Amino acid sequence: MNHQTFEEWFIDTLLPKISPNSLIVMDNASYHSRQKEPLPTKSWTKGKLMEWLSSKGVAYPDKCLKSELWEIAKRNKPQRPIYVIDEAASQAGKAKPC
């Protein structure tokens with residue numbers, strides 16, 4: 001199984017067959033929990049942190065250490081990731097993420 005096959009089945013087959021606001025329970029298989037956009041982590045390179053901050057329109061000093069960039073990213077990243085499946089279910093009016 002991979003995320004593409006699972007997501008197609010979830011969106012095209014499962015979602016149309018369940019009632020609105022259903023509770024969908026899944027395990028933590030990697031193909032169940034693909035993030036819409038990866039969130040920065042402390043292990044990201046300095047360049048990747050700079051790229052992420054720039055893509056979000058977040059300003060940072062020109063000559064910043066990686067640790068300083070990480071602190072800025074940490075303050076500006078969402079509290080929790082957005083998962084592709086959660087968003088698809090929510091947009092279909094079928095479920096709300098827990």
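A residue counts as buried under 20% relative accessible area, as exposed over 50%, and as partly exposed in between. The views below come from a predicted model.

**View 1. Salt bridges in the model.** The model has five salt bridges. Side chains of opposite charge can pair when their charged atoms come close. Three of the pairs, Lys 56 with Glu 37, Lys 74 with Glu 71 and Arg 80 with Asp 86, are shown in the views that follow.

**View 2. Lys 56 and Glu 37 form a salt bridge.** The closest N and O atoms of this pair are 2.8 Å apart. The two residues lie 19 residues apart and link distant parts of the chain. Lys 56 sits in the loop between helix H2 (46-55) and helix H3 (66-76), while Glu 37 sits in the loop between helix H1 (3-14) and H2. Glu 37 is partly exposed because its relative accessibility is 32%. Lys 56, at 40%, is partly exposed too.

**View 3. Lys 74 and Glu 71 meet in a salt bridge within helix H3.** The N to O distance is 3.4 Å. About one helical turn separates the two, because they are three residues apart in helix H3. Lys 74 has a relative accessibility of 40% and so counts as partly exposed. Glu 71, with a relative accessible area of 35%, is also partly exposed.

**View 4. A salt bridge joins the side chains of Arg 80 and Asp 86.** Here the distance from N to O is 4.0 Å. Arg 80 is partly exposed, its relative accessible area being 40%. Asp 86 has a relative accessibility of 23%, so this residue counts as partly exposed.

Terms used
Residues numbered from 1 in each chain as written. Predicted model: local features only at pLDDT ≥ 70, side-chain atom pairs only at ≥ 80, totals over all residues. Heavy atoms only, no water. Helix = DSSP H or I, 4+ residues; strand = E, 2+ residues; numbered from the N terminus. Buried < 20%, exposed > 50% of the residue type's maximum accessible area, 1.4 Å probe, protein only.
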